[in-house]
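Colleague: I should be grateful for a close look at one part of this model, namely a buried aromatic residue and what surrounds it. Please then connect that part to the rest of the chain as far as the model allows.

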Amino acid sequence: MPIPAAVRQPRDSLVITRPDDWHLHLRDGAALAAVLPHTARQFARAVVMPNLKPPVTTTALALAYRDRILGALPDELRGRFEPLMTLYLTDNTPPDEIKRAREAGIRALKLYPAGATTNSDAGVTDIRRVHATLDAMQREGLLLLVHGEVTTPEVDVFDREAVFIEEVFEPLRADFPALRIVFEHITTREAVEYVATSGPLVGATITAHHLLHNRNALFQGGLRPHMYCLPVLKGESHRQALVSAATSGSSKFFLGTDSAPHAAHLKEHAAACAGCYTALSAIELYAQAFDNAGALDKLEGFASHHGADFYGLARNTGQVTLKRQPWQLPEALAFGDAELKPLGAGETLAWRLQG
Ligand code: DOR
Ligand code: ZN
């Protein structure tokens, strides 16, 4: 029997609830002003990472940062975007900061193992040092957002996430069974399996770049610093596990871009900074990944429902429309006095957000 045309034809438009970004780097000052409109145009809310220099370690600093973000919104996006603020967990975060944070509307603390990534020097040196603070978070209902990589120099860079699960995540969950934890920007099959089998209090964000690329992209025709992020891209079987998780419909997996802008001259450098800038075309990149997997019908849950449900927040009510419409990403964007190169600069994307 011939296949009906409606089934054969690829869909060329998609309407979904306005999405949220559950993991974002916005920086500060001129950089913030340059990147914020890209996110606010697409997303209703974003969880803003606290790894500024110096880091956002107190409620007072987070509220001041929130004001700067709101102040940097262009007029046409004012009132349309809500930054969700986080604190940077250090060895010295006092337990009584947690109640203050909750009362101020702060939802989460970010755990950076000291030295794991960009601006993580003030991170936690040993999880046992923050037990009293984690206890307060569990009591107050604040989420723990985890950069899940060990920093032990002997551990291979590509194995750091899998080792983190055994060495840190497992004991952490045993000690704090009621703590709500997001395993951020997961990159491995091991992390997918761990989250999937960990009960309702453990969720994970997945980036667009980890869905679209494997580690070959780092070496395609030469060393590609704009593909370098942390946790670093992994092998193809890991990418496939991430795609399966994201498109599975499981409410444990949700959108977090980890869009992380760095000036182009610091990426194209002997010691290139880690971070991919994806905010310019974030929802389009995810649409591409879901389309490649034949799972566009699963994009809305992943991008617009699962994260809000996990955080215990209301889902957004507005909608956005994506159309199959080729558009070329610019080679570079202004970034204060410097330039910013979006991931895939100069390439053509198949999907475009309307409006
Ligand atoms: O690639 C990354 N860039 N990974 C992180 O964890 C931090 C981020 C940044 O802030 O640049
Ligand atoms: Zn990040």
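Is Y112 buried or exposed, and what is its relative accessible area?

Modeller: The model is a predicted one, and the values that follow were computed from it. Y112 is buried, with a relative accessible area of 1%. The reasoning rests on a cut-off: a residue counts as buried when its relative accessible area is under 20%, so the 1% of Y112 places this residue in the buried class. Y88 is also assigned to that class, because its relative accessibility is 0%.

These two residues belong together as an aromatic pair. Rings are taken to pair when their centres lie within 6.5 Å, and by this rule the count comes to eight aromatic pairs. For Y88 and Y112 the ring centres are 5.3 Å apart and the planes stand at 35°, so the arrangement is tilted. Y88 is part of strand β4 (residues 82-88), whereas Y112 is in the loop between β5 (108-111) and α5 (131-140); the pair therefore ties together parts that are 24 residues apart in sequence.

A further tilted pair is formed by F254 and F310, with 5.5 Å from centre to centre and 40° between the planes. F254 belongs to strand β9 and F310 to helix α12, so this pair links parts that are 56 residues apart in sequence. Both F254 and F310 are buried. The ring of F310 has another partner as well: the charged end of R180 sits over this ring, 5.0 Å from its centre. A similar arrangement is found for R215, which lies over the face of F158 at 4.9 Å from the ring centre. The aromatic residues F164, F169, F183 and Y194 form one cluster.

Helix α12, which carries F310, also packs against helix α11. The axes of α11 (residues 282-292) and α12 (residues 299-311) come within 9 Å and cross at roughly 140°. On the α11 side the contact involves I283, Y286, A287 and F290, which meet L299, F302 and A303 of α12. By class, this contact has seven nonpolar residues, with no polar and no charged ones.

Strand β9, which holds F254, leads the description to the metal site. The zinc ion (ligand 2) is coordinated by H23 through NE2, H25 through NE2 and D258 through OD, at 2.0 to 2.1 Å. Along the chain, these donors follow the spacing H-x1-H-x232-D. H23 lies in strand β2 (residues 21-24) and D258 in the loop between β9 (253-255) and α10 (264-267), so the pair ties together parts that are 235 residues apart in sequence. H23 is buried, with a relative accessible area of 1%, and D258 counts as buried at 7% relative accessibility.

D258 has a further feature in its backbone: phi is near 55°, a positive value in a residue other than glycine. R27 likewise has a positive phi, of about 60°, although it is not a glycine. R27 is found in the loop between β2 and α2 (29-42), and it is buried, with a relative accessible area of 14%.

Two peptide bonds also deserve mention. A cis peptide bond joins K53 and P54, with omega about -5°; P54 lies in the loop between β3 (45-48) and α3 (59-72). Another cis peptide bond joins L230 and P231, again with omega about -5°, and P231 is in the loop between α8 (208-212) and α9 (236-246).

To return to strand β4, where the account of Y88 began, the loop between β4 and α4 (96-103) contains P94. At 34% relative accessibility, P94 counts as partly exposed, whereas Y88 is buried. P94 and T133 are 39 residues apart in sequence and 6.3 Å apart in space, C-alpha to C-alpha.

Key:
Residues are numbered from 1 along each chain as its sequence is written. Chains are lettered from A and ligands numbered from 1 in the order in which they are written. This is a predicted model: local features need pLDDT of at least 70, side-chain atom pairs count only at pLDDT 80 or more; totals for chains, interfaces and linings use all residues. Side-chain values use heavy atoms; hydrogens and water are left out. Donors are N, O and S atoms within 2.8 Å of the metal (3.2 Å for Na, K and Ca); water is not among the atoms, so sites may look incomplete. Helices (H or I, at least four residues) and strands (E, at least two) are DSSP runs, numbered from the N terminus. Buried means under 20% relative accessible area, exposed over 50%, partly exposed in between (1.4 Å probe, protein chains only). Axes are lines fitted to C-alpha atoms, for helices over the stretch in contact, and angles run from 0 to 180 degrees between N-to-C directions. Contact means heavy atoms within 4.5 Å. Ala, Val, Leu, Ile, Met, Phe, Trp, Tyr, Cys and Pro count as nonpolar, Asp, Glu, Lys and Arg as charged, and the others, Gly among them, as polar. Rings of Phe, Tyr and Trp (its six-membered ring) pair if their centres lie within 6.5 Å; planes under 30 degrees apart count as stacked, over 60 as edge-to-face and the rest as tilted. A charge sits over a ring if NZ of Lys or CZ of Arg is within 6 Å of the ring centre and within 35 degrees of the ring normal.
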